[in-house]
Amino acid sequence: MKHHLTTSAPLNGSHKDRKTEPLWMKLTGIIFGSVLAAIGLELFLMPHGIVVGGITGLSAIFALSTELRLGLFLFLLNLPFIVLQRKYSGNSVSLLTFFGVLIISLGTFLLHPFPALLNEPLAAALLGGLSLGFGIGLALRFGSYLDSAEKAVSNLPFTRWITPEGLVMLFNCLVLIIAGFHFGFEQAIYSVTAYLLAYESIKLCLSGFRFYNQVQIESYHCAHIQEALFHYLNRKAEFIKQNSLDGEPDQIQLKCHRWEVSRLKAIVLNCDPDSEILILP
């Protein structure tokens, strides 16, 4: 059986239309985001050998394993994906991405001689993950993908056995596993902590710092789902379409904290694997 899950605020871009914003505003936002991400990398994470996922994490592994600078690997490893992105997304997106990657690469070069701001690795993982995540999220809101692999991969053809999101998650996990084997278990814990904080920070930045989402659920078993959501989440869902005469499924809607979304999905799909879940901003 199949279920459908859609969201109007994906991680690969902002839910707001930013095409009408002036170029200077986009460039300013990308610069601030790229510099903030560079600060998180060079002044918090890299001095403690803390690695996150994606091309950024892979670049960090190469930089920590050699005497070459992080900025060099950030630029070189992102470049092929920027070229691939240009093929599917056009010149404007690829140019903004190139600009963001160039700024974060230069930023890490300039910040490399400075000492770490914190000596405690756990605190560095926390603040570094937040700084990196908000920086990437801010750049994304203005059209630049500082980790260009995710956007480029999302345009490739996939089968039902693997989705772009699944491939990106698999790659991120692989990077974290490699970092764990290379730098040790303790560093792996710090790396996972920083990665999770960065991931949540990106989502928070893209959602406009909203902690609650509207959720719409379409199912033939909405009454059962409504009861389960109230029992397990203490969330009351209201019918917006009920007892349809045309044979279509009913619909319910509720407000859910963004940290409860994963649990909500599990509850709904346990009641009806064929239900459709729509996450609204």
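**Exercise 1.** Determine whether serine 144 is buried or exposed, and describe its surroundings.

*Solution.* Serine 144 has a relative accessibility of 0%, so it counts as buried; buried means under 20% relative accessible area, exposed over 50%, and partly exposed in between (1.4 Å probe, protein chains only). The model is predicted: local features need pLDDT of at least 70, side-chain atom pairs count only at pLDDT 80 or more, and totals for chains, interfaces and linings use all residues. Residues are numbered from 1 along each chain as its sequence is written, and side-chain values use heavy atoms, with hydrogens and water left out.

Next, locate the residue: serine 144 lies in the loop between helix 5 (121–141) and helix 6 (149–154). Helices (H or I, at least four residues) and strands (E, at least two) are DSSP runs, numbered from the N terminus.

Finally, list the partners. The side chain of serine 144 reaches the backbone oxygen of leucine 96 at 2.8 Å. When neighbours within four places in sequence are left aside, serine 144 is in contact (heavy atoms within 4.5 Å) with Ile30, Leu96, Thr97, Gly100 and Ala139.

**Exercise 2.** Describe how helix 5 and helix 8 pack.

*Solution.* Two packed helices are described by the angle between their axes and the distance between the axes. For helix 5 and helix 8 (residues 185–206), the angle is about 30° and the axes are 7 Å apart. Axes are lines fitted to C-alpha atoms, for helices over the stretch in contact, and angles run from 0 to 180 degrees between N-to-C directions. Helix 5 is therefore roughly parallel to helix 8, since angles under 35 degrees count as roughly parallel, over 145 as roughly antiparallel, 65 to 115 as roughly perpendicular and the rest as oblique.

**Exercise 3.** Establish where asparagine 172 is placed and which residues it touches.

*Solution.* Asparagine 172 belongs to helix 7 (residues 164–183). With a relative accessible area of 9%, asparagine 172 is buried. Not counting residues up to four places away in sequence, asparagine 172 touches Gly53, Gly54 and Tyr195. The C-alpha atoms of asparagine 172 and isoleucine 55 are separated by 8.6 Å, although the two residues are 117 residues apart along the chain.

**Exercise 4.** Examine the phi angle and the setting of asparagine 234.

*Solution.* Most residues other than glycine have a negative phi. Phi of asparagine 234 is near 55°, a positive value in a residue other than glycine. Asparagine 234 is found in the loop between helix 9 (222–233) and strand 3 (238–241). Its relative accessible area is 58%, so asparagine 234 is exposed.

Key
Polar contact = N/O pair within 3.5 Å; in protein donor to acceptor, adjacent residues only side chain to side chain.
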